[in-house]
Amino acid sequence: MKIPRGRLPLSIMVIVICALAFTGLIFTEELRKITEEKEKQSNEARYIDEDKINFNPKECRLDKGKWIFNSSSKLYYTDLNCPYVDIQVACLRNGRPDRDYLFWEWQLDDCILPEFNAIVLLEKLRGKRLMFVGDSLQRGQWQSLVCMVESHIPFEKKSMNRTTTLSVFRAMEYNASIEFYWAPFLVQSNSDTKIISDISKRILRVDSISKHGQHWIGVDILVFNTYVWWMSGYKIKSLWGSFTNGEEGYEEFDAVMAYRIGLKTWANWIDSNLNQTNTRIFFTTASPTHMRSLDWNRKHGIRCYNETKPVRKRGYWGSGSDKRIMEVISSIVERMKVPITFINITQLSDYRKDGHTSVYTETEGIVFTEEQKADPQNYADCIHWCLPGVPDTWNKIFYAYL
């Protein structure tokens, strides 16, 4: 059969057309990938924090500096406009009359701490889970960070779900969550759900952490803390074995020994379960208390009550910061396989005797009465921090590391 001159067989034409279509499809896909990559690079460039480019935490001592009063500094939020601040730490809402504690800024000696940028942080968290783990002080840091970003997110694109153990704030547009997991000792205890108010009846299972740890697997950024619950002044009752077998047969250790055992359990779990993951892990150092006004030479003071200014003496270290605990955690962390970054807040917070909730707090969800406020010896809370306040600075340091 003769093929007409200038014409191709139908089968060859089909093959040529399919080849051209396939080539075009490949080109289109490659073009799409290139475009998406350029858009990604453009977005990243758009949200670069210039301050952070010039900041190297390895060359900067974040604990070396001083508090500078700046009455013109802009607050990231207040406890009056952020709906997520617990009544326990909402000092303005609870009637605190002075406001100077809101305007102290931590100024470093040898470098500049980057200014916090909520949008940059949210971009860093895009598609990720960030979880704070620990006690009520860690919950305060979590609330602080949520309040520092939530006003930048439209109402319909954010949500909060709070439970006894796990609380989750979601930024839907960023597919990101900022979470808090309650574990005051990190290891298992009988205060993990319903808190045992009688300190003498608290019991730890110092060799068990997997019950909590199962909730940490798959989290992109973990921030741990545990300190003040160990500093009760009592011997720590430590149980070996399951609580299902009852709470008898415990041993009693002094706080430092119990802390060492508990932190080793935590470190072993981290090394065994997170060693091959991309999870970034931080540890917030001890949050100091200010229970003894003689520490800052105020003979007739009552704890932190009526304190309105930080301690000005450089290198001040009060009785509410136990260096033995700091040494325990540093000695354990340096032997871990998984890298841990410290958010070193102890020294800078030790100066801030003015930052606590004092009598501007609550008990069982009810704000202190005027009679209770007039009795600071019995009611002043010199453990927890007002929000806004000192925990905002902790988060600025955390932000600088991200």
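Guide: Before we start, a strand here is a DSSP run of E with at least two residues, and strands are numbered from the N terminus. The model you're looking at is predicted.

Visitor: Good to know. Which strand gives the largest share of the lining of the second largest pocket?
Guide: That pocket has a volume of about 580 Å³. Its lining takes at least two residues each from strand 1 (65-69), strand 2 (104-108) and helix 11 (390-401). The largest share is five residues, and they come from strand 2.

Visitor: And which residues are closest to the centre of the second largest pocket?
Guide: There are 25 lining residues to pick from. By class, they split into 15 nonpolar, four polar and six charged. The ones closest to the centre are S73, Y76, E105, E115 and K396.

Visitor: Let's go to the largest pocket. How many residues of its lining are charged?
Guide: The space in this pocket comes to about 1,300 Å³. It is lined by 39 residues, with Q88, S136, R202, W229 and H384 closest to the centre. Sorted by class, 15 are nonpolar, 15 are polar, and the charged ones number nine.

Visitor: Which element supplies the largest share of the lining of the largest pocket?
Guide: Four elements to look at are helix 4 (136-150), strand 6 (176-182), strand 15 (362-363) and strand 17 (381-385), each supplying at least two lining residues. The largest share is four residues, from strand 17.

Visitor: What about closed spaces? Which element gives the largest share of the lining of the largest cavity?
Guide: The model has two cavities of 30 Å³ or more, and the largest holds about 40 Å³. V89, S136, L137, G140, H384, W385, L387 and P391 line this cavity. Helix 4 and strand 17 are the elements that give two or more residues to the lining. The largest share, three residues, belongs to helix 4.

Visitor: How many polar residues are in the lining of the second largest cavity?
Guide: This cavity is lined by T226, Y259, F283, T285, A286, I325, M326 and I329. Helix 7 (residues 323-333) gives the largest share, three residues. By class, there are no charged residues and six nonpolar ones, and the polar count is two.

Visitor: On to salt bridges. Is D63 buried or exposed?
Guide: D63 meets R61 in a salt bridge, with N and O 2.9 Å apart. R61 has 44% relative accessibility, so it counts as partly exposed. D63 has a relative accessible area of 13%, and the cut-off is under 20%, so D63 is buried.

Visitor: What is the relative accessible area of R292?
Guide: R292 forms a salt bridge with D295, and the closest N and O atoms are 2.6 Å apart. D295 is buried because its relative accessible area is 19%, which is under 20%. R292 is partly exposed, with a relative accessible area of 45%.

Visitor: Which residue does R352 meet in a salt bridge?
Guide: Both partners in this bridge are buried. The N to O distance is 2.8 Å, and the partner of R352 is D354.

Visitor: Which residues are joined into one network by salt bridges that share partners?
Guide: The count for this model comes to 16 salt bridges. Bridges that share partners make one network out of D86, R139 and R162.

Conventions. Residues are numbered from 1 along each chain as its sequence is written. This is a predicted model: local features need pLDDT of at least 70, side-chain atom pairs count only at pLDDT 80 or more; totals for chains, interfaces and linings use all residues. Side-chain values use heavy atoms; hydrogens and water are left out. A salt bridge is a side-chain nitrogen of Lys or Arg within 4 Å of a carboxyl oxygen of Asp or Glu. Buried means under 20% relative accessible area, exposed over 50%, partly exposed in between (1.4 Å probe, protein chains only). On a 1 Å grid over the protein atoms alone, a cavity is a set of points where a 1.4 Å probe fits but cannot get out, and a pocket is an open set with protein on both sides within 12 Å along at least five of seven lines; lining residues have an atom within 4 Å of a point. Grid points are joined across faces, edges and corners, and a volume is the space filled by probe spheres set on the points. Ala, Val, Leu, Ile, Met, Phe, Trp, Tyr, Cys and Pro count as nonpolar, Asp, Glu, Lys and Arg as charged, and the others, Gly among them, as polar.
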